[in-house]
Amino acid sequence: MTGLNKGNIKLFPDNKGWNACKRNAVKKAIALGTAFTLLTASCISCSPFNVEETSSNMQILEPEPAENLIRVGFSQLGSESKWRRANSISIKDALTVDNGFFLQFNNARQTQENQIKAIRGFISQQVDYIAFCPVTEDGWDTVLREAKDADIPVIIVDRQVSADSSLYTTWIGENMRQEGENAGIWLSKKLEELGKSHDKINIIELLGTRGSSSQIGRSIGFDTVCDKHQNWVLLDRDDGDFTTAKGQEIMSGFLEKYDDIDVVVCQNDDMAIGAVQAMQDAGIDLYSDEKPIIISFDASRQGLEMVMQGIIDVDVECNPASGPQLSEVIHEMEQGNQVAKAYFMNEEVFTRDNASRFVDDRSY
Ligand code: GYE
(Lines give C-alpha, C1' and ligand atoms only; values in the text may rest on other atoms or scores of the structure.)
Protein backbone atom coordinates (compact mmCIF):
# COMPACT_ATOMS: atom_id res chain seq x y z
CA MET A 1 0.00 0.00 0.00
CA THR A 2 2.01 2.93 -1.14
CA GLY A 3 1.19 6.25 -2.69
CA LEU A 4 -1.14 6.99 -5.49
CA ASN A 5 -1.61 6.05 -9.04
CA LYS A 6 -1.85 9.16 -11.12
CA GLY A 7 -1.89 7.21 -14.37
CA ASN A 8 -5.00 7.52 -16.53
CA ILE A 9 -6.08 10.72 -14.89
CA LYS A 10 -7.92 13.40 -16.73
CA LEU A 11 -6.97 16.98 -16.06
CA PHE A 12 -9.74 19.03 -14.56
CA PRO A 13 -10.78 21.06 -17.59
CA ASP A 14 -12.22 24.16 -15.95
CA ASN A 15 -10.13 24.63 -12.83
CA LYS A 16 -10.75 28.15 -11.74
CA GLY A 17 -7.26 28.56 -10.35
CA TRP A 18 -8.35 29.43 -6.85
CA ASN A 19 -6.47 32.46 -5.76
CA ALA A 20 -5.85 32.00 -2.08
CA CYS A 21 -5.11 35.61 -1.27
CA LYS A 22 -8.15 37.04 -3.00
CA ARG A 23 -10.72 34.58 -1.72
CA ASN A 24 -9.31 34.19 1.74
CA ALA A 25 -9.21 37.91 2.30
CA VAL A 26 -12.96 38.15 1.76
CA LYS A 27 -13.79 35.02 3.71
CA LYS A 28 -11.55 35.75 6.63
CA ALA A 29 -12.94 39.26 6.94
CA ILE A 30 -16.38 37.69 7.24
CA ALA A 31 -15.08 35.07 9.63
CA LEU A 32 -13.49 37.70 11.86
CA GLY A 33 -16.74 39.65 11.98
CA THR A 34 -18.52 36.56 13.20
CA ALA A 35 -16.97 36.01 16.58
CA PHE A 36 -18.88 32.85 17.34
CA THR A 37 -20.73 30.94 14.72
CA LEU A 38 -23.42 28.49 15.66
CA LEU A 39 -22.90 25.22 13.81
CA THR A 40 -25.83 23.20 12.63
CA ALA A 41 -23.94 20.07 13.50
CA SER A 42 -22.76 19.24 16.98
CA CYS A 43 -19.61 18.77 18.97
CA ILE A 44 -18.41 15.51 20.44
CA SER A 45 -14.89 16.51 21.21
CA CYS A 46 -12.88 19.51 20.26
CA SER A 47 -9.35 18.35 19.86
CA PRO A 48 -6.65 20.86 20.67
CA PHE A 49 -5.87 23.64 18.27
CA ASN A 50 -6.89 23.05 14.69
CA VAL A 51 -9.24 20.10 14.41
CA GLU A 52 -12.80 20.94 15.23
CA GLU A 53 -14.65 17.64 15.50
CA THR A 54 -18.42 17.58 15.39
CA SER A 55 -21.17 15.07 15.02
CA SER A 56 -24.92 15.04 14.85
CA ASN A 57 -27.59 16.94 16.75
CA MET A 58 -25.91 19.26 19.24
CA GLN A 59 -24.67 22.77 18.79
CA ILE A 60 -21.20 24.18 19.20
CA LEU A 61 -19.56 27.55 19.24
CA GLU A 62 -16.91 27.73 16.62
CA PRO A 63 -13.55 29.17 17.63
CA GLU A 64 -11.76 31.53 15.30
CA PRO A 65 -9.23 29.96 12.99
CA ALA A 66 -5.85 31.62 12.90
CA GLU A 67 -5.42 33.92 9.94
CA ASN A 68 -3.87 32.59 6.74
CA LEU A 69 -4.91 29.03 7.45
CA ILE A 70 -6.91 27.27 4.77
CA ARG A 71 -10.33 26.45 6.21
CA VAL A 72 -11.53 22.98 5.24
CA GLY A 73 -14.87 21.49 6.24
CA PHE A 74 -14.67 17.69 6.11
CA SER A 75 -17.73 15.45 6.44
CA GLN A 76 -16.74 11.90 7.31
CA LEU A 77 -19.58 9.43 6.75
CA GLY A 78 -19.15 7.54 10.03
CA SER A 79 -16.89 5.21 11.97
CA GLU A 80 -18.37 1.88 10.94
CA SER A 81 -15.07 0.08 10.34
CA LYS A 82 -11.37 0.05 11.11
CA TRP A 83 -10.79 1.23 7.57
CA ARG A 84 -12.95 4.28 8.20
CA ARG A 85 -11.15 5.13 11.41
CA ALA A 86 -7.81 4.89 9.58
CA ASN A 87 -9.16 7.14 6.85
CA SER A 88 -10.24 9.76 9.43
CA ILE A 89 -6.81 9.65 11.06
CA SER A 90 -5.11 10.04 7.69
CA ILE A 91 -7.21 13.16 6.94
CA LYS A 92 -6.57 14.70 10.37
CA ASP A 93 -2.85 13.93 10.25
CA ALA A 94 -2.53 15.60 6.85
CA LEU A 95 -4.71 18.68 7.34
CA THR A 96 -2.80 20.15 10.28
CA VAL A 97 -1.90 23.69 11.25
CA ASP A 98 1.71 22.91 10.38
CA ASN A 99 0.53 22.10 6.87
CA GLY A 100 -1.45 25.36 6.74
CA PHE A 101 -4.97 24.09 7.50
CA PHE A 102 -7.81 24.79 9.89
CA LEU A 103 -9.87 21.61 9.74
CA GLN A 104 -13.49 21.28 10.81
CA PHE A 105 -14.21 17.57 10.94
CA ASN A 106 -17.73 16.22 11.16
CA ASN A 107 -18.76 12.59 11.74
CA ALA A 108 -22.16 11.91 10.14
CA ARG A 109 -22.78 8.53 11.78
CA GLN A 110 -23.69 6.73 8.57
CA THR A 111 -26.53 9.00 7.46
CA GLN A 112 -26.72 11.14 4.36
CA GLU A 113 -29.03 13.55 6.16
CA ASN A 114 -26.29 14.34 8.70
CA GLN A 115 -23.75 14.75 5.91
CA ILE A 116 -25.96 17.21 4.04
CA LYS A 117 -26.53 19.15 7.26
CA ALA A 118 -22.79 19.31 7.90
CA ILE A 119 -22.06 20.44 4.33
CA ARG A 120 -24.72 23.15 4.59
CA GLY A 121 -23.08 24.25 7.85
CA PHE A 122 -19.73 24.52 6.07
CA ILE A 123 -21.33 26.54 3.28
CA SER A 124 -22.90 28.98 5.74
CA GLN A 125 -19.53 29.41 7.44
CA GLN A 126 -17.95 30.08 4.04
CA VAL A 127 -15.06 27.67 4.50
CA ASP A 128 -12.44 27.71 1.74
CA TYR A 129 -12.95 24.05 0.73
CA ILE A 130 -15.43 21.29 1.43
CA ALA A 131 -14.38 17.65 1.33
CA PHE A 132 -16.50 14.61 2.13
CA CYS A 133 -16.75 10.82 1.95
CA PRO A 134 -20.27 10.21 0.59
CA VAL A 135 -22.17 7.45 2.39
CA THR A 136 -24.20 6.63 -0.74
CA GLU A 137 -23.78 7.44 -4.41
CA ASP A 138 -27.07 9.22 -5.09
CA GLY A 139 -28.75 12.28 -3.66
CA TRP A 140 -25.98 14.90 -3.66
CA ASP A 141 -26.96 17.16 -6.57
CA THR A 142 -28.81 19.81 -4.57
CA VAL A 143 -26.22 20.34 -1.87
CA LEU A 144 -23.37 20.26 -4.38
CA ARG A 145 -25.14 22.94 -6.40
CA GLU A 146 -25.47 25.01 -3.22
CA ALA A 147 -21.71 24.72 -2.66
CA LYS A 148 -21.05 25.66 -6.26
CA ASP A 149 -23.34 28.70 -6.01
CA ALA A 150 -21.41 29.73 -2.88
CA ASP A 151 -18.19 29.40 -4.89
CA ILE A 152 -16.73 26.77 -2.56
CA PRO A 153 -14.76 24.01 -4.30
CA VAL A 154 -15.72 20.47 -3.30
CA ILE A 155 -13.40 17.47 -3.18
CA ILE A 156 -14.93 13.99 -2.94
CA VAL A 157 -12.93 11.42 -0.98
CA ASP A 158 -13.14 7.59 -0.94
CA ARG A 159 -16.59 6.69 -2.36
CA GLN A 160 -18.04 8.35 -5.43
CA VAL A 161 -21.19 10.31 -6.21
CA SER A 162 -23.51 9.90 -9.17
CA ALA A 163 -23.96 13.70 -9.48
CA ASP A 164 -22.88 15.73 -12.51
CA SER A 165 -19.08 15.93 -12.32
CA SER A 166 -19.11 19.68 -12.96
CA LEU A 167 -20.49 20.05 -9.42
CA TYR A 168 -17.23 19.01 -7.77
CA THR A 169 -13.57 19.69 -8.44
CA THR A 170 -11.95 16.32 -8.01
CA TRP A 171 -12.24 12.87 -6.46
CA ILE A 172 -9.59 10.96 -4.50
CA GLY A 173 -10.36 7.31 -3.80
CA GLU A 174 -10.13 3.64 -4.51
CA ASN A 175 -10.96 1.56 -7.57
CA MET A 176 -13.83 -0.48 -6.12
CA ARG A 177 -14.78 -2.13 -9.41
CA GLN A 178 -11.21 -3.30 -9.91
CA GLU A 179 -11.15 -4.60 -6.33
CA GLY A 180 -14.29 -6.69 -6.99
CA GLU A 181 -12.87 -7.96 -10.26
CA ASN A 182 -9.58 -8.87 -8.57
CA ALA A 183 -11.52 -10.95 -6.06
CA GLY A 184 -13.33 -12.79 -8.88
CA ILE A 185 -10.12 -13.38 -10.85
CA TRP A 186 -8.44 -14.76 -7.73
CA LEU A 187 -11.39 -17.12 -7.16
CA SER A 188 -11.35 -18.53 -10.66
CA LYS A 189 -7.59 -19.23 -10.38
CA LYS A 190 -8.05 -20.82 -6.94
CA LEU A 191 -10.81 -23.12 -8.20
CA GLU A 192 -8.62 -24.12 -11.11
CA GLU A 193 -5.80 -24.94 -8.67
CA LEU A 194 -8.21 -27.06 -6.61
CA GLY A 195 -9.43 -28.87 -9.74
CA LYS A 196 -12.92 -27.46 -9.20
CA SER A 197 -13.22 -25.28 -12.31
CA HIS A 198 -16.22 -27.24 -13.54
CA ASP A 199 -17.91 -27.98 -10.19
CA LYS A 200 -21.04 -26.17 -9.12
CA ILE A 201 -19.85 -23.40 -6.77
CA ASN A 202 -22.38 -21.90 -4.36
CA ILE A 203 -21.60 -18.33 -3.40
CA ILE A 204 -23.08 -15.95 -0.85
CA GLU A 205 -22.25 -12.25 -0.53
CA LEU A 206 -22.23 -9.98 2.51
CA LEU A 207 -22.65 -6.56 0.96
CA GLY A 208 -21.42 -3.23 2.29
CA THR A 209 -23.85 -0.34 2.81
CA ARG A 210 -26.33 -0.73 -0.03
CA GLY A 211 -26.14 2.13 -2.52
CA SER A 212 -22.60 3.12 -1.54
CA SER A 213 -20.14 3.21 -4.42
CA SER A 214 -17.93 0.71 -2.58
CA GLN A 215 -20.78 -1.79 -2.46
CA ILE A 216 -21.88 -1.08 -6.03
CA GLY A 217 -18.35 -1.15 -7.46
CA ARG A 218 -17.26 -4.32 -5.68
CA SER A 219 -20.49 -6.09 -6.65
CA ILE A 220 -20.25 -5.09 -10.30
CA GLY A 221 -16.55 -6.03 -10.45
CA PHE A 222 -17.16 -9.45 -8.92
CA ASP A 223 -20.27 -10.02 -11.06
CA THR A 224 -18.35 -9.43 -14.29
CA VAL A 225 -16.15 -12.43 -13.46
CA CYS A 226 -19.09 -14.43 -12.05
CA ASP A 227 -20.97 -13.99 -15.34
CA LYS A 228 -18.17 -15.79 -17.19
CA HIS A 229 -18.64 -18.94 -15.08
CA GLN A 230 -21.92 -20.77 -15.66
CA ASN A 231 -21.12 -23.10 -12.75
CA TRP A 232 -20.90 -20.24 -10.17
CA VAL A 233 -24.26 -19.85 -8.44
CA LEU A 234 -25.03 -16.79 -6.36
CA LEU A 235 -27.23 -18.30 -3.65
CA ASP A 236 -27.92 -15.10 -1.74
CA ARG A 237 -26.67 -11.63 -0.85
CA ASP A 238 -27.65 -9.17 1.86
CA ASP A 239 -26.68 -5.77 3.27
CA GLY A 240 -24.23 -6.00 6.20
CA ASP A 241 -23.59 -2.23 6.32
CA PHE A 242 -19.82 -2.81 6.60
CA THR A 243 -20.12 -3.69 10.32
CA THR A 244 -19.05 -6.76 12.29
CA ALA A 245 -22.38 -7.07 14.10
CA LYS A 246 -24.40 -7.09 10.89
CA GLY A 247 -21.93 -9.42 9.21
CA GLN A 248 -22.37 -11.93 12.00
CA GLU A 249 -26.15 -11.61 11.97
CA ILE A 250 -26.49 -12.12 8.22
CA MET A 251 -24.03 -14.98 8.12
CA SER A 252 -25.88 -16.80 10.92
CA GLY A 253 -29.06 -16.51 8.87
CA PHE A 254 -27.35 -17.84 5.73
CA LEU A 255 -25.90 -20.79 7.65
CA GLU A 256 -29.37 -21.72 8.88
CA LYS A 257 -30.79 -21.43 5.37
CA TYR A 258 -28.04 -23.14 3.32
CA ASP A 259 -25.90 -26.16 4.12
CA ASP A 260 -23.81 -26.13 0.96
CA ILE A 261 -22.01 -22.78 0.88
CA ASP A 262 -18.69 -22.99 -0.99
CA VAL A 263 -17.65 -19.34 -1.05
CA VAL A 264 -18.41 -16.37 1.21
CA VAL A 265 -17.65 -12.93 -0.20
CA CYS A 266 -17.49 -10.27 2.54
CA GLN A 267 -17.19 -6.73 1.20
CA ASN A 268 -14.96 -5.68 4.11
CA ASP A 269 -12.88 -7.19 6.90
CA ASP A 270 -15.19 -6.06 9.68
CA MET A 271 -18.04 -8.08 8.17
CA ALA A 272 -15.65 -10.99 7.54
CA ILE A 273 -14.80 -11.02 11.25
CA GLY A 274 -18.53 -11.23 12.05
CA ALA A 275 -19.05 -13.95 9.45
CA VAL A 276 -16.16 -16.00 10.84
CA GLN A 277 -17.65 -15.69 14.31
CA ALA A 278 -20.98 -16.99 12.98
CA MET A 279 -19.24 -19.92 11.29
CA GLN A 280 -17.42 -20.75 14.49
CA ASP A 281 -20.72 -20.61 16.42
CA ALA A 282 -22.23 -22.99 13.86
CA GLY A 283 -19.42 -25.47 14.53
CA ILE A 284 -17.47 -25.00 11.29
CA ASP A 285 -13.79 -25.86 11.65
CA LEU A 286 -12.08 -22.77 10.28
CA TYR A 287 -8.78 -24.58 9.84
CA SER A 288 -10.09 -27.47 7.79
CA ASP A 289 -10.09 -27.73 4.00
CA GLU A 290 -13.85 -28.24 4.15
CA LYS A 291 -14.58 -24.71 5.34
CA PRO A 292 -16.03 -22.26 2.80
CA ILE A 293 -13.53 -20.13 0.87
CA ILE A 294 -13.59 -16.66 2.43
CA ILE A 295 -12.94 -13.58 0.32
CA SER A 296 -12.61 -10.19 1.99
CA PHE A 297 -11.71 -6.56 1.27
CA ASP A 298 -9.70 -3.80 3.00
CA ALA A 299 -6.68 -5.82 4.20
CA SER A 300 -6.67 -4.44 7.72
CA ARG A 301 -4.12 -5.78 10.20
CA GLN A 302 -6.67 -8.20 11.65
CA GLY A 303 -7.73 -9.21 8.14
CA LEU A 304 -4.13 -9.97 7.16
CA GLU A 305 -3.56 -11.91 10.38
CA MET A 306 -6.57 -14.06 9.48
CA VAL A 307 -5.11 -14.55 6.01
CA MET A 308 -1.87 -15.74 7.59
CA GLN A 309 -3.86 -18.19 9.73
CA GLY A 310 -5.61 -19.53 6.62
CA ILE A 311 -9.07 -18.38 7.77
CA ILE A 312 -9.53 -15.64 5.16
CA ASP A 313 -8.29 -16.95 1.82
CA VAL A 314 -7.78 -13.66 0.02
CA ASP A 315 -7.96 -10.05 1.19
CA VAL A 316 -8.21 -7.40 -1.51
CA GLU A 317 -6.61 -4.20 -0.29
CA CYS A 318 -8.44 -0.92 -0.07
CA ASN A 319 -6.13 1.98 0.77
CA PRO A 320 -7.49 4.47 3.36
CA ALA A 321 -4.51 6.85 3.40
CA SER A 322 -6.00 9.62 1.27
CA GLY A 323 -5.11 12.51 3.60
CA PRO A 324 -1.74 13.43 2.04
CA GLN A 325 -3.27 13.52 -1.45
CA LEU A 326 -6.13 15.71 -0.21
CA SER A 327 -3.62 18.13 1.31
CA GLU A 328 -1.56 18.17 -1.89
CA VAL A 329 -4.57 18.79 -4.12
CA ILE A 330 -5.75 21.71 -1.99
CA HIS A 331 -2.27 23.27 -1.97
CA GLU A 332 -2.16 22.93 -5.76
CA MET A 333 -5.49 24.70 -6.04
CA GLU A 334 -4.30 27.43 -3.70
CA GLN A 335 -1.44 28.05 -6.15
CA GLY A 336 -3.95 28.29 -8.97
CA ASN A 337 -2.65 25.07 -10.55
CA GLN A 338 -4.75 22.57 -12.43
CA VAL A 339 -5.67 19.39 -10.61
CA ALA A 340 -6.71 16.03 -12.03
CA LYS A 341 -10.37 15.04 -12.06
CA ALA A 342 -9.62 11.73 -10.32
CA TYR A 343 -6.84 10.25 -8.19
CA PHE A 344 -6.73 6.48 -7.60
CA MET A 345 -5.02 4.98 -4.56
CA ASN A 346 -2.61 2.06 -5.16
CA GLU A 347 -3.95 -1.31 -3.99
CA GLU A 348 -2.76 -4.92 -3.78
CA VAL A 349 -4.17 -8.42 -3.33
CA PHE A 350 -3.07 -10.43 -0.27
CA THR A 351 -2.96 -14.18 0.23
CA ARG A 352 -0.98 -16.45 2.53
CA ASP A 353 1.98 -16.04 0.15
CA ASN A 354 2.53 -12.33 0.72
CA ALA A 355 0.45 -11.19 3.76
CA SER A 356 3.24 -11.59 6.32
CA ARG A 357 5.43 -9.06 4.52
CA PHE A 358 2.84 -6.32 5.01
CA VAL A 359 1.08 -7.07 8.29
CA ASP A 360 3.51 -5.21 10.56
CA ASP A 361 3.17 -1.94 8.65
CA ARG A 362 -0.61 -1.84 8.85
CA SER A 363 -1.99 1.23 10.57
CA TYR A 364 -5.54 -0.11 10.62
O1 GYE B 1 -14.09 -0.97 2.54
C2 GYE B 1 -15.18 -0.26 4.49
C3 GYE B 1 -15.68 1.07 4.89
O4 GYE B 1 -15.78 2.97 1.31
C5 GYE B 1 -13.88 1.77 0.77
O6 GYE B 1 -16.08 1.67 3.69
C7 GYE B 1 -14.76 2.20 1.82
C8 GYE B 1 -15.36 1.09 2.63
C9 GYE B 1 -14.39 0.14 3.30
O10 GYE B 1 -16.52 1.11 5.90
O11 GYE B 1 -14.47 -0.95 5.46
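## The shell around the ligand

A residue is counted as near the ligand if one of its heavy atoms lies within 4 Å of it. In this predicted model, 14 residues surround the ligand, and those that come nearest are Glu80, Arg159, Ser214, Asn268 and Asp298. By side-chain class, the residues of this shell divide into 7 charged, 4 nonpolar and 3 polar.

## Where the shell comes from

Both domains contribute to the surroundings of the ligand, with at least three shell residues drawn from domain 1 (18-173 + 320-346) and at least three from domain 2 (176-318). Among the secondary-structure elements, helix H2 (82-94) and helix H6 (213-226) each supply at least two residues of the shell.

## Polar contacts and burial

Which residue has a polar side-chain atom 2.9 Å from an oxygen atom of the ligand? Ser214 does, and Ser214 is also one of the residues that come nearest to the ligand. Arg159, likewise listed among the nearest residues, places an N or O atom of its side chain 2.8 Å from an oxygen atom of the ligand, while for Ser81 the corresponding distance from a side-chain N or O atom to a ligand oxygen is 2.9 Å.

Taken alone, the ligand exposes 300 Å², and the protein buries 100% of that area. As for its location, the ligand sits in the largest cavity.

How values were computed: Residues are numbered from 1 along each chain as its sequence is written. This is a predicted model: local features need pLDDT of at least 70, side-chain atom pairs count only at pLDDT 80 or more; totals for chains, interfaces and linings use all residues. Side-chain values use heavy atoms; hydrogens and water are left out. A polar contact is a pair of N or O atoms within 3.5 Å; within protein, one must be able to donate a hydrogen and the other to accept it, and residues adjacent in sequence count only if both atoms are side-chain atoms. Accessible areas come from the Shrake-Rupley method with a 1.4 Å probe; for residues, only the protein chains shown count as cover. On a 1 Å grid over the protein atoms alone, a cavity is a set of points where a 1.4 Å probe fits but cannot get out, and a pocket is an open set with protein on both sides within 12 Å along at least five of seven lines; lining residues have an atom within 4 Å of a point. A molecule sits in a cavity or pocket if more than half of its atoms lie within 2 Å of its grid points. Helices (H or I, at least four residues) and strands (E, at least two) are DSSP runs, numbered from the N terminus. Ala, Val, Leu, Ile, Met, Phe, Trp, Tyr, Cys and Pro count as nonpolar, Asp, Glu, Lys and Arg as charged, and the others, Gly among them, as polar. Domain bounds come from an automatic or database domain assignment.
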